[in-house]
Amino acid sequence: MIERKEAREIKMCCATFYQSDLARMLLGDVLHPGGLELTGYLGTVTGLKSEDRVLDVACGRGTSVVYLAKRFGCYVTGLDYGQDNITAAESHAATESVAHLTAFKEGDAEGLPFEDGSFDVVISECSFCTFPDKTRAAQEMARVLRRHGRLGITDVTISCPLPEDIQSLLAWVACLTGAGSPELYVSILKDAGFIEFIVEDKRDSLLEMANDVRRKLLGMELAIGLGKLNLGDFNVSEIKHLAQRTLELIQNGTISYKLFKASRK
Ligand SMILES: C[S@@+](CC[C@H](N)C(=O)[O-])C[C@H]1O[C@@H](n2cnc3c(N)ncnc32)[C@H](O)[C@@H]1O
């Protein structure tokens, strides 16, 4: 059981990292494996229609919100713990001319600031793994969905406990330490009131992203050595070690990425 103070620190660190210049340099604006192609697939699998009211829990900089609103014509609300992410998301929606189809709110996935049954579809990408209280987050997703509403999650999963060197706060923020097995996620979601599960493997998306991050880190290390880049408090060697270990653990099957589709009872 994670203490409240520790849980708040995890959420803060996660939001701070994913709002940072470093995250933007490493990941761009799409902060999940598979990019917008996988987001589009998630939208198709959850059967998005123009009349749907959709919630993206932990929406980051709103890239998926804007993409889904444009592609499916539905009204999409994005929620994130980081205020800077919300500000960036609002500006992105305005630039892409979908401000009328989108809304953004700062908030916590473990206490969603929405009425019961306000949405037809809830999605969450690469974020469930970072929530310290997954039971609460799953209950909240079920609460804000209408009866028979649809849920679509893509997330990091593990097949066995991670080694000691992947148990740091940095590893949590990198979506590793907080990750659970696919069976655990399904069991938490079932207890929260979800049924009719479809689980698909998306490991290749994670492998591609991990390789890409590792390549970028090598370039950044070079730039730091030449005095052309300063990352302030971030320790690139530590991040590089984590990226290398993550790659090994994806390759040996310990870490993967899965898509979960379910319906609310
Ligand atoms: C890996 S990023 C994914 C962002 C976005 N879903 C995407 O795919 O681009 C994780 C996001 O979770 C957000 N986050 C972490 N804990 C949260 C919480 N308890 N409630 C809401 N958002 C949270 C972070 O601020 C960050 O934007």
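Ile198 lies in strand E6. Keep in mind that we are looking at a predicted model. So, is Ile198 buried or exposed? Neither one. Its relative accessibility is 39%, so Ile198 counts as partly exposed. Which residues does Ile198 touch, once we skip those up to four places away in sequence? Leu259, Phe260 and Lys261. Now compare Ile198 with Leu162. They are 36 residues apart in sequence, and their C-alpha atoms are 25 Å apart in space.

Stay on strand E6 for a moment. Glu196 is found there too. Look at its backbone. Glu196 has a positive phi, about 55 degrees, although it is not a glycine. Its relative accessible area is 56%, and the cut-off for exposed is over 50%, so Glu196 is exposed.

There is another residue to put beside it. Ser97 also is not a glycine, and its phi is positive, at about 60 degrees. Where is Ser97 placed? In the loop between helix H5, residues 83-95, and strand E3, residues 102-106. Ser97 has 53% relative accessibility and therefore counts as exposed.

Next, Val45. This residue is found in helix H3. What does Val45 contact, leaving aside neighbours within four places in sequence? Leu259 and Lys261. You have heard those names before: Ile198 touches Leu259 and Lys261 as well. Val45 and Met25 are 20 residues apart in sequence, yet 30 Å separate their C-alpha atoms in space.

That brings us to helix H3 itself. It covers residues 35-45, and helix H4 covers residues 63-72. How do we describe such a pair? Two packed helices are described by the angle between their axes and the distance between the axes. Here the axes of H3 and H4 come within 10 Å and cross at roughly 55 degrees. H3 is therefore oblique to H4. The crossing is right-handed. Who makes the contact? From H3, it is Leu36, Thr39, Gly40, Gly43 and Thr44. From H4, it is Thr63, Ser64, Tyr67, Leu68, Arg71 and Phe72. Sort the contact of H3 with H4 by class, and you get four nonpolar, six polar and one charged.

Now a second helix pair. Helix H9 runs over residues 203-225, and helix H10 over residues 236-251. Their axes are 9 Å apart, at an angle of about 155 degrees. Angles over 145 degrees count as roughly antiparallel, so H9 and H10 are roughly antiparallel to each other. H9 passes H10 in a left-handed crossing. The contact has a long cast list. H9 gives residues including Arg203, Leu206, Leu207, Ala210 and Leu217. H10 gives residues including Val236, Ile239, Ala243, Leu247 and Ile250. How do the residues of the contact of H9 with H10 divide? Into 12 nonpolar, four polar and four charged. Look at the numbering along each helix while you are there. An α-helix has 3.6 residues a turn, so residues three or four places apart point the same way.

On to helix H6, residues 134-144. Which of its residues are buried? Lys134, Ala137, Ala138, Glu140, Met141, Ala142 and Val144. Notice that Lys134 and Glu140 are on that list. What do the buried residues of H6 pack against? Strands E1, E4, E5, E6 and E7, and helix H8. So strand E6, where we started, is among those partners.

Strand E5 is another partner of H6, and it spans residues 145-158. Arg147 is found in E5. With 58% relative accessibility, Arg147 counts as exposed. Not counting residues up to four places away in sequence, Arg147 touches Arg264 and Lys265. Arg147 and Tyr185 are 38 residues apart in sequence, and 20 Å apart in space from C-alpha to C-alpha.

Last, the whole protein. How many helices and strands are there? There are 10 helices and seven strands. The radius of gyration is 18 Å, close to the 18 Å that the globule rule gives for 265 residues, so the protein is as compact as a globular protein of that length. Its C-alpha atoms fill a box of roughly 55 × 40 × 35 Å along the principal axes. Buried residues make up 54% of the 265. Finally, take contacts between residues at least 6 apart in sequence. Of these, 79% join residues at least 24 apart.

How values were computed
Residues are numbered from 1 along each chain as its sequence is written. This is a predicted model: local features need pLDDT of at least 70, side-chain atom pairs count only at pLDDT 80 or more; totals for chains, interfaces and linings use all residues. Side-chain values use heavy atoms; hydrogens and water are left out. Axes are lines fitted to C-alpha atoms, for helices over the stretch in contact, and angles run from 0 to 180 degrees between N-to-C directions. Helices (H or I, at least four residues) and strands (E, at least two) are DSSP runs, numbered from the N terminus. Angles under 35 degrees count as roughly parallel, over 145 as roughly antiparallel, 65 to 115 as roughly perpendicular and the rest as oblique. A crossing is left-handed if the near helix is turned anticlockwise from the far one by less than a right angle, and right-handed if clockwise. Contact means heavy atoms within 4.5 Å. Ala, Val, Leu, Ile, Met, Phe, Trp, Tyr, Cys and Pro count as nonpolar, Asp, Glu, Lys and Arg as charged, and the others, Gly among them, as polar. The radius of gyration is taken over C-alpha atoms; the globule rule is 2.2 Å times the number of residues to the power 0.38. Buried means under 20% relative accessible area, exposed over 50%, partly exposed in between (1.4 Å probe, protein chains only).
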